[in-house]
Amino acid sequence: MFGAINPAVLIASLMVASVPIMLAALGELVVEKSGVLNLGVEGMMIIGAICGFITAVTTGSPLLGFAGGAAGGAALALIFAVLTQSLLANQVATGLALTLFGLGLSSLMGQGYNGIKPPLTAAVPFGPLRDIPGLGRILFSHDWVVYFSILIIAATWYVLKYTRTGLIIRAVGENHDAAHALGYKVNRIRLACILFGGAMAGMGGAYISLIRVPQWTDGITAGAGWIALAIVVFASWKPWRVLIGAYLFGGITVLQLNLQAAGSSIPVEYLSMSPYLITILVLVIMSSGKGRTLNAPAALGQNFHATR
Amino acid sequence: MFRLEKRPTPSRFWTGATPVVAVILTMLAGGLMFGVLGKNPFEVIRTIFWDPLFGEFAWYLRGQLLVKAGPLILIAVGLSLGFRAGIWNIGAEGQYIMGAIFGASVGLAVFPTENRLIYPVMIAAGAFGGWVWAMIPAILKTRFNTNEILVSLMLVYVAQSILAMAALGFLRNPEGAGFPGSRNFNSYPAASNPELIAGTGMHWGVVAAFITVIAAYVLLQKHLLGFQIKLSGQAPRAARFHGVNPTALVVLCMGISGALAGLAGLFEVTGPAGQISIDFNTGYGFTAIIVAFLGRLNPLGILLAGLLMALTYIGGEMASTNLGLPSAAIQAFQGMLLFFLLAVDVLSNYRVRMSMKGTA
Amino acid sequence: MLKRTLLATAALGLGLAFAGAASAQDALKACWVYVGPIGDGGWTFQHDQGRLDVIKAFGDKVDASTYQENVPEGADAERVLTQMALGGCKIIFTTSFGYMDPTNAVAAKFPDVKFEHATGYKRDSANVSTYNARFYEGRAVTGTIAGRMTKSNKIGYIGSFPIPEVIQGINASFIHAKKVNPNVTMSVVWAYTWFDPAKEADAAKALIEQGVDVILQHTDSTAPLAEAAKTPGVIGFGQASDMAEYKPSPRVSAIIDNWGPYYVERVGALLDGTYEQKDTWAGIGGGEVKIGDITEAVPAEVKAEAEALAASIGDGSYHPFTGPLNKQDGSAWLAEGEKADDGTLAGMNFYVEGIEGDIPQ
């Protein structure tokens, strides 16, 4: 039924396929940890994709491209931050508007960049390690962003769990009134988190336009931002689970195409909806444990206004 | 530094004035963008906001405004009930698709029978389709505590796959020479949803939208359920003391919003769209979320917000066709309008005061 | 039901009454409705190139500046078409299959405006013409190159949706690859999207991992070519547009949608009064399908063979679906020397013998 699929190759390609949603989801996780729900991930990703692309093509450096993508995503996130933190606008609606605006703006910025090849990002040179059967392909055959995405997951996990910064972010997200009473600048902390989220989403977008697809076309992110949002919930706001969620989702997507290519007998129409159904199924299993709550930050989606 | 001071009650003056302020600000910022793109800003703005209402072809476009706003309002009103109660149905798009598929299936199953009862049954089937699709996240939430945002969103993609299967397979027009897409309902009178009065754009979906607005208004103002919904959103614990059953409320709110989205899909597929096709859904379910918030989750506000949204679509389209603006510029312009509408809302709930010291 | 029918008739009458309201202008106004953004680099981009050809060909005599991007199929299309007709467009090109019913509905209300619908089959009123391109002719040529070039004897095909046009392309490619290389097998991956660069790239990658070294695609982005470029020895073809940025390899040739000649012909006919309703399905011969430059990555004799095949299709001496051909289940389809009729092709819903897997239903 499954035909001939090489598991090492499958794992290697799902690692690449998952990078954009993983980066974006991680950024959103930090945002949500601080108590802010930004549904504009798709918009920030696509702005990151075009900003990264333009920067890389103009400067010839893919590295600067990623910096440009992060800056672009953060710039769009700044609009969100001003609206929701300073002007106390509704977060859900502002996030959706952000996506609409980002899609339009990216298409405007991208005029004239169709059909250009960006400078390529090579795999990290691991030398002979790459040739280890199986493991070499999985562990040592990728570009730097794949490793970076795992590192940043680890770093976020560490910061959130063990540092004072992480404690403050969590405090702000759980109970902003208490955090304010303790003297923390709630809105400034949230602003920083929103910018971080934008930068990560922008990098994720840049990964699509610079490495995964290497090109610019309108609407290139094609819904990846929504998947990233789903993964945050799926991960119940835990960094390592973002990794698992992204790999799972990316893995099923890659697997269903591989199954088709290998001539599997499962009908295509069911395969194409499988990533979503399996995500729901896993989520149900995870959340149905004995009375466990979902671990959502208590102040998620609520704006904070200092009364004193 | 400016600082904001919460008003004891929202300002009536600013609640009415903020939309106007927002539209003016958008015109300024958008005009700047259009100018940068090398177009005459005044002409573009006039085309978007004035021409659909009072221009040369307004007799046609005013009706189209209703056609475009109808499904948005219908879906947004349903969503607003859940949003008020803190129940986040983000998947109205999927419920809209399923309503269309269920309703269309019933109609096509009895093709070409002519009977007065067919359309009412289809309406019921459409509402049922949307309701069923919303019940999945509702039951998973109440039974397994699964997050409804994620499940309803994932189900949009599943619904899209089913839509493709329907258009290519079980609902495909047997006389369509193998091409995807169902029969066209406009050529099947018993199952179609035509303009009720020629040239007005009024079809059953628009009628349903108006009825829903009124019903929701009454529900929220006069009915105990409306009070329970509002209370659950503002103070969940207090609601529980008042005997509100959270499980029932989730099922009810998800059910209403799903059924209304399903209805919107049914009216659309049998009327303006005419048929099931691979790309039948055009994002009404997502845009309705914005409409719900623009309308401040208030039925009358949603009515106005839906019409305003429709205006920017139609006017934007005209600007794009007649003045050669890229459609991306219109998208960005819509985004700006939403930003400003959301931003100035602060004035109705807060007072702006000058102060010596900055605040957090 | 009587009341509804009456209302519908009244609506039609109203439309007719206002049809004359369109203001006459000196230049003939030709308009286009696009399903995607011009920046898609494929389907819509090529239609817009055709529009630019019209501007080039007629200059001041034709106003071809009006177009609308990203028009959803269904109610929105009907509104955009009505606006264009009201706004004085004399000929409107609707460039996606999903515009079929809206085009016919609006055309019935504006008998003085000519409507041209791409890839459909309905011509309900006298002012609706349809046009399409025989992309499968181009597929025959790329299939030949694929059969000659594959070293692993595995070729891959990325399909969008299982509709007749795509199935024609799969069959035509396979038949001609098999003809020059009897050992060839083909894997088909359905992406269930016309345009999703990331997914298309993944599909190409999955095929490459299965040992495929020639990728044919019927989705619109250049992502599969970009993916092919990452693995030495894998080649592919441009789809819809030339995709010349991936020359000389992996893009070794391309199937180019070339709508310019048709648009120029039809607008010209309307200008000089020879315009008539018709159904056009032209291919390489009519210039609507062009084979993109075959690069030096292809050996000279293969290039010559492919060009000869294209020429014989172009002058009508050869039809890509010529018997003997069997259907996938082994039943006879075309006898020796028999050519497929257009009706069967237009509704093609079966694979030819030798292709594995099922068409999703």
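**Close-ups of a predicted model**

**View 1. Two domains of chain C meet.** In this predicted model, domain 1 of chain C and domain 2 of chain C bury about 490 Å² between them, and carbon and sulfur atoms give 51% of that area. Just three residues, Asp40(C), Trp43(C) and Gln46(C), supply 61% of what domain 1 of chain C buries against domain 2 of chain C, which is more than any other three residues. As for who touches whom, 7 residues of domain 1 of chain C are in contact with 6 residues of domain 2 of chain C.

**View 2. Where the chain C domains sit.** Domain 1 of chain C covers 12-133, while domain 2 comes in two pieces, 136-256 + 291-346. Put a point at the C-alpha centre of each domain of chain C, and the two points lie 31 Å apart.

**View 3. A pair of helices in chain B.** Here helix α3 (residues 58-84) of chain B packs against helix α7 (residues 204-222) of chain B at an angle of about 25°, with 8 Å between their axes. That makes α3(B) and α7(B) roughly parallel to each other, because angles under 35 degrees count that way. Their crossing is left-handed.

**View 4. The residues where the chain B helices touch.** From α3(B), look for residues including Leu66(B), Gly70(B), Ile73(B) and Arg84(B). The α7(B) side brings, among others, Val206(B), Phe210(B), Thr212(B) and Leu220(B). Sorted by class, the contact of α3(B) with α7(B) has 13 nonpolar residues, 3 polar and 1 charged.

Key: Residues are numbered from 1 along each chain as its sequence is written. Chains are lettered from A and ligands numbered from 1 in the order in which they are written. This is a predicted model: local features need pLDDT of at least 70, side-chain atom pairs count only at pLDDT 80 or more; totals for chains, interfaces and linings use all residues. Side-chain values use heavy atoms; hydrogens and water are left out. Axes are lines fitted to C-alpha atoms, for helices over the stretch in contact, and angles run from 0 to 180 degrees between N-to-C directions. Helices (H or I, at least four residues) and strands (E, at least two) are DSSP runs, numbered from the N terminus. Angles under 35 degrees count as roughly parallel, over 145 as roughly antiparallel, 65 to 115 as roughly perpendicular and the rest as oblique. A crossing is left-handed if the near helix is turned anticlockwise from the far one by less than a right angle, and right-handed if clockwise. Contact means heavy atoms within 4.5 Å. Ala, Val, Leu, Ile, Met, Phe, Trp, Tyr, Cys and Pro count as nonpolar, Asp, Glu, Lys and Arg as charged, and the others, Gly among them, as polar. Domain bounds come from an automatic or database domain assignment. Buried area is the accessible area (1.4 Å probe) that two parts lose on being put together, summed over both.
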